[in-house]
Amino acid sequence: MTPKEVLAMCREKDVKAVDLRFTDFPGLSQHTTIPVTHLTEEMFEDGLGFDGSSIRGWQAINESDMLIVPQPDTAFVDPFSELPTLVLICNIFDPLTREEYSRDPRSVARKAANYLKSTGIADTACFGPEAEFFVFDDVRFDQNSHSGFYHLDSIEGEWNRGRDEGPNRGYKIRHKKGYFPVPPTDHMMDIRNEMMQTLVDCGLEVECHHHEVATAGQCEIDLRFQDMLTMADQLLVYKYVVKNVAWRHGKTATFMPKPLYADNGSGMHVHLSMWKDEQPLFAGGGYAGLSEIALHALGGILKHARSILAFSNPTTNSYKRLVPGYEAPVNLAYSQRNRSAACRIPMYSMSPTSKRIEFRCPDPSCNPYLAFSAILMAAIDGIQNKIDPGDPMDKNIYDLPPEQLANIPKTPASLAESLAALKQDHDFLLRGDVFTPDVISTWIHDKMVNDVDSIRLRPHPYEFCMYYDI
């Protein structure tokens with residue numbers, strides 16, 4: 001879509017306002033809104049000024065002026081605003097140099113896609129994330145100097161079997177038994193249908209939706225794979241739609257990886273394939289029908305997985321999901337069909353166009369621009385250096401004897417460990433100036449201060465159960 005076509009779309013849809021959106025460093029969408037009369041063809045070149053020092057992880061106050069530049073091919077009509085509103089996703093530029101801002105996550109993804117083309121390996125990397133989420137009916141939490149708590153509730157939560165609901169009609173989902181039941185056990189079908197249709201109305205291609213394994217409203221809606229930048233854009237639209245449809249129904253949705261104790265967390269399995277001249281490159285005669293390029297890409301992802309997780313699993317809560325026993329992929333191995341390995345080769349179809357790698361570690365708390373870029377850069381490194389992924393692991397890894405299990409590398413046990421791995425292993429990210437040194441150093445510093453230290457310094461409520469009587 002061209003700027004002229006966007007303006008025509010505004011007239012056709014009787015748009016009154018234009019919402020300009022971008023993504024901050026951690027991955028939350030930000031926005032500013034202008035009257036539609038202020039949207040001109042020139043704005044798609046000149047942009048709009050804003051204060052970059054107020055955005056997390058960005059500019060210092062003495063160099064705060066930045067430009068937000070709308071991208072015409074991202075336009076869609078907001079399905080939630082009362083006033084007819086067009087949404088445009090934007091890139092961020094320095095107003096003096098007119099260069100893309102290095103800490104703009106979308107710029108990182110654009111550079112990663114361009115770097116792939118420059119290598120000659122492929123011209124397109126396709127991504128297909130499976131982002132899971134919870135829909136709760138009530139959420140309360142607080143933390144201060146002398147108290148801290150959280151409380152979650154869901155009409156379908158197992159803990160509500162005995163609650164007086166006037167009447168309680170049962171059909172509560174047991175812990176770990178939420179996968180694929182029909183209504184009325186699945187309370188979320190109508191809401192997911194509305195989410196699906198809203199996504200379709202926004203121009204996204206939905207493949208399917210279903211209830212996920214956990215009790216208390218865990219869901220998944222799958223999008224059809226797209227090129228990396230498009231999919232990162234769409235994942236942010238996905239989160240926006242999911243949260244707002246839930247809100248419209250008096251509920252609340254969260255992409256927090258592990259909100260419930262003793263049940264499955266929310267992951268985001270990421271499917272990756274590469275294409276050149278519209279031909280798939282990952283199909284071949286090797287293990288599980290993979291090509292040599294695909295196997296080397298696997299090798300790169302497994303080699304760099306511990307540092308990738310600093311971007312793909314970027315919260316302290318992420319590592320409460322990455323523990324054995326909850327379908328969590330904590331073992332850095334690969335296999336066909338085997339969901340206990342970090343990398344899986346899906347075998348639903350033997351068509352060359354369906355051949356892909358599934359990286360199962362990431363979760364939906366990540367910034368998709370940064371996470372997808374890190375995964376792609378690791379895969380490129382594996383291909384360029386012909387990294388051997390080793391032997392596949394087709395057994396259930398959780399059932400292996402301890403002496404065999406000890407030989408399989410593991411994911412980091414905490415965000416601090418992932419950040420330490422990133423500090424030691426990030427040269428592959430710097431190639432092509434995709435991730436710049438200031439992006440790496442700022443990410444590590446901000447995550448240590450704002451995430452790791454914030455949790456490390458606060459007493460945990462359960463510590464009182466464990467230690468108060470010492």
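**View 1. C343 sits in strand β17 of this predicted model.** The strand covers residues 341-345. Is C343 buried or exposed? With a relative accessibility of 0%, C343 counts as buried, because the cut-off for buried is under 20%. Look at what surrounds C343. Leaving aside its neighbours within four places in sequence, C343 is in contact with L298, I301, L302, A333, Y334, S335, E358 and F359. Pick out I301 from that list. Along the chain, C343 and I301 are 42 residues apart, yet 8.6 Å separates their C-alpha atoms.

**View 2. A salt bridge joins E358 and R344.** The N to O distance is 2.5 Å. R344 belongs to strand β17, and E358 to strand β18 (residues 357-359). The two residues are 14 places apart in sequence, so their salt bridge ties together separate parts of the chain. Both E358 and R344 are buried. E358 also appears in View 1, as a contact of C343.

**View 3. Four charged residues form one network.** Which residues belong to the network? They are D153, R163, E165 and K172, joined by salt bridges that share partners. Zoom in on K172 and E165. Their closest N and O atoms are 3.1 Å apart. K172 has 10% relative accessibility and counts as buried. E165, at 22%, counts as partly exposed.

**View 4. Strands β8 and β9 run antiparallel.** Strand β8 spans residues 138-143, and β9 spans residues 148-153. How many bridges join these strands? There are six. A hairpin of four residues leads from β8 to β9. Find D138: D153 in β9 stands opposite. D153 is also a member of the network in View 3.

**View 5. K4 and E41 meet in a salt bridge.** The structure holds 24 salt bridges, and this is one of them. Here the closest N and O atoms are 3.2 Å apart. K4 lies in helix α1, residues 3-12. E41 lies in the loop between β2 (29-35) and α2 (43-46). What does the pair tie together? The salt bridge links parts that are 37 residues apart in sequence. K4 counts as exposed, because its relative accessibility is 53% and the cut-off is over 50%. E41, at 36%, counts as partly exposed.

**View 6. Helix α5 runs from residue 228 to residue 248.** The helix has 21 residues. From first C-alpha to last, α5 reaches 30 Å, close to the 30 Å expected at 1.5 Å a residue. Why is α5 described as largely enclosed by the rest of the structure? Because 15 of its 21 residues are buried. An α-helix has 3.6 residues a turn, so residues three or four places apart point the same way. Just after α5 comes G250, with a positive phi of about 75°.

**View 7. Y238 belongs to the largest nonpolar core.** This core has 121 residues. Which members touch the most others? They are L39, F127, Y238, M274 and F435. Focus on Y238. Not counting residues up to four places away in sequence, Y238 touches A131, F133, L199, L204, E220, I221, L223 and F255. Apart from the largest core lies another core, of six residues. Among its members are F134, L152, A214 and L260.

Technical notes:
Residues numbered from 1 in each chain as written. Predicted model: local features only at pLDDT ≥ 70, side-chain atom pairs only at ≥ 80, totals over all residues. Heavy atoms only, no water. Core = buried A, V, L, I, M, F, W, Y, C linked by side-chain atoms within 4.5 Å. Buried < 20%, exposed > 50% of the residue type's maximum accessible area, 1.4 Å probe, protein only. Contact = heavy atoms within 4.5 Å. Salt bridge = Lys/Arg side-chain N within 4 Å of Asp/Glu carboxyl O. Pairing = 2+ DSSP bridges. Expected span 1.5 Å × (residues − 1).
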